[in-house]
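Hi everyone, thanks for making time this morning. I'd like to walk you through one structure, going from the whole chain down to a handful of residues.

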Amino acid sequence: MFHILVADDDTNTRKYMRAVLEDAGYTVFTAANGLEALDMMKKEHIDLMVLDIMMPGMDGYELTKELRDASDNIPILMVSARQLPADKKKGFLVGTDDYMTKPVDEEEMLLRIHALLRRAKIVNEKKIVIGDVVLDYNAMTVTGHGQIQELPQKEFLLLYKLLSYPGQIFTRIQLMDEIWGMDSDTGWETVTVHIGRLRKRFDGWPEFEIISVRGLGYKAVKKA
């Protein structure tokens with residue numbers, strides 16, 4: 001059973017979130033601010049955090065940044081009354097995995113939590129399985145169709161990133177920053193080159209496809 005920590009300074013919100021999540025089968029812990037959340041994480045194993053932004057002592061932005069600076073990759077869903085694009089952008093910049101605005105739709109929140117937990121499982125196991133195809137992060141190999149392909153590092157990381165979030169569009173700059181690093185002198189055009197190599201390498205493989213989204217970037221589609 002997954003353990004979820006709800007951090008929100010509003011008592012009624014904490015009670016509501018606890019009821020919704022427990023009804024969905026999760027074990028729920030609560031905290032009134034970021035400092036309490038950190039203390040709770042020292043005492044209990046937490047699989048995912050539902051986090052408000054505006055809290056006294058340590059707000060959601062500060063808590064998220066502290067966790068990411070400490071290389072803690074716990075999935076974080078920010079749920080806030082702040083609806084401006086700048087607020088959402090700041091949330092993603094400090095390291096949140098997803099963002100919803102209050103009042104939340106219960107069903108949508110549960111679906112997002114399920115997706116975040118699934119992605120975290122992929123990251124922890126460091127393998128992606130699509131039908132008979134297996135991407136092994138530790139070996140940087142793709143196994144399928146009677147062959148094992150050991151990919152160059154950047155190609156593998158690019159494919160692994162796209163297939164970790166099937167259907168999600170990533171811009172060339174996003175992929176450039178994550179795979180090559182924000183300080184890289186390489187231009188974003190190299191992403192296009194690597195995408196082309198991946199398409200050629202896996203041409204005819206029916207399990208997945210890398211699609212160009214005009215004016216935006218790329219996404220991977222699982223077909224198995």
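Before I point at any loop, a word on labels: helices are DSSP runs of H or I with at least four residues, strands are runs of E with at least two, and both are numbered from the N terminus. With that in hand, I can tell you that Phe202 sits in the loop between α8 and β11, and we will come back to Phe202 later in the talk. Please also keep in mind that what you see is a predicted model.

Let's take the overall picture. The protein has 8 helices and 12 strands. Its radius of gyration is 19 Å, close to the 17 Å that the globule rule gives for 224 residues, so the protein is as compact as a globular protein of that length. If you draw a box along the principal axes, the C-alpha atoms fill roughly 55 × 35 × 30 Å.

How much of the protein is buried? Buried residues account for 45% of the 224. On the outside, about 12,100 Å² is exposed, and carbon and sulfur atoms supply 50% of that area. As for contacts with a separation of 6 or more, 53% of them link residues 24 or more positions apart. Then the charges: there are 29 positive and 35 negative ones, and their mean positions lie 5 Å apart.

Now to the annotation. The UniProt record, an unreviewed entry, places the feature "domain: Response regulatory" at residues 3–117. In the model, that span is 48% helix and 20% strand, and its end C-alpha atoms are 11 Å apart.

Let me zoom in on strand β5, where we find Met100. Is Met100 buried or exposed? Its relative accessibility is 5%, and anything under 20% counts as buried, so Met100 is buried. Setting aside residues up to four places away in sequence, Met100 touches Leu77, Met78, Val79 and Ser80, and also Asp105, Glu108, Met109 and Arg112. Ile113 is 13 residues from Met100 in sequence, and their C-alpha atoms are 11 Å apart.

Just along the chain there is a detail that I'd invite you to look at on screen. Lys102 and Pro103 are joined by a cis peptide bond, with omega at about -5°. Pro103 belongs to the loop between β5 (98–101) and α5 (106–125).

Next, two backbone details. Ser71 is not a glycine, yet its phi is positive, near 60°. You'll find Ser71 in the loop between α3 (60–69) and β4 (76–80), and at 59% relative accessibility it counts as exposed. Met140 also has a positive phi, about 55°, without being a glycine. Met140 is in the loop between β7 (133–136) and β8 (141–144). Which side of the burial cut-off does Met140 fall on? With a relative accessible area of 18%, Met140 is buried.

Lys89 is a residue of helix α4, which covers residues 85–94. With 55% relative accessible area, Lys89 is exposed. From Lys89 to Val133 there are 44 residues in sequence and 35 Å in space, C-alpha to C-alpha.

And now, as promised, back to Phe202. Its relative accessible area is 5%, which makes Phe202 buried. What does Phe202 contact, leaving aside neighbours within four places in sequence? The answer is Val142, Gln149, Leu151, Leu159 and Phe208. Measuring across the model instead, Phe202 and Thr27 are 175 residues apart along the chain, and 42 Å separates their C-alpha atoms.

Pro206 is in that loop too, between α8 (189–201) and β11 (208–213). Outside its neighbours within four places in sequence, Pro206 is in contact with His145 and Lys223. Gly131 is 75 residues away from Pro206 along the chain, with their C-alpha atoms 9.6 Å apart.

If you'd like a spot to start exploring, try the cis bond between Lys102 and Pro103, or the contacts around buried Phe202. Thanks for listening, and I'm happy to take questions.

Technical notes: Residues numbered from 1 in each chain as written. Predicted model: local features only at pLDDT ≥ 70, side-chain atom pairs only at ≥ 80, totals over all residues. Heavy atoms only, no water. UniProt positions renumbered as here; feature names shortened; annotations may be inferred. Rg over C-alpha atoms; globule rule 2.2 N^0.38 Å. Buried < 20%, exposed > 50% of the residue type's maximum accessible area, 1.4 Å probe, protein only. Contact = heavy atoms within 4.5 Å. Areas by Shrake-Rupley, 256 points an atom, 1.4 Å probe, with all protein chains shown as cover. Lys, Arg positive; Asp, Glu negative; His and termini not counted. Charge placed at Lys NZ, Arg CZ, Asp CG, Glu CD.
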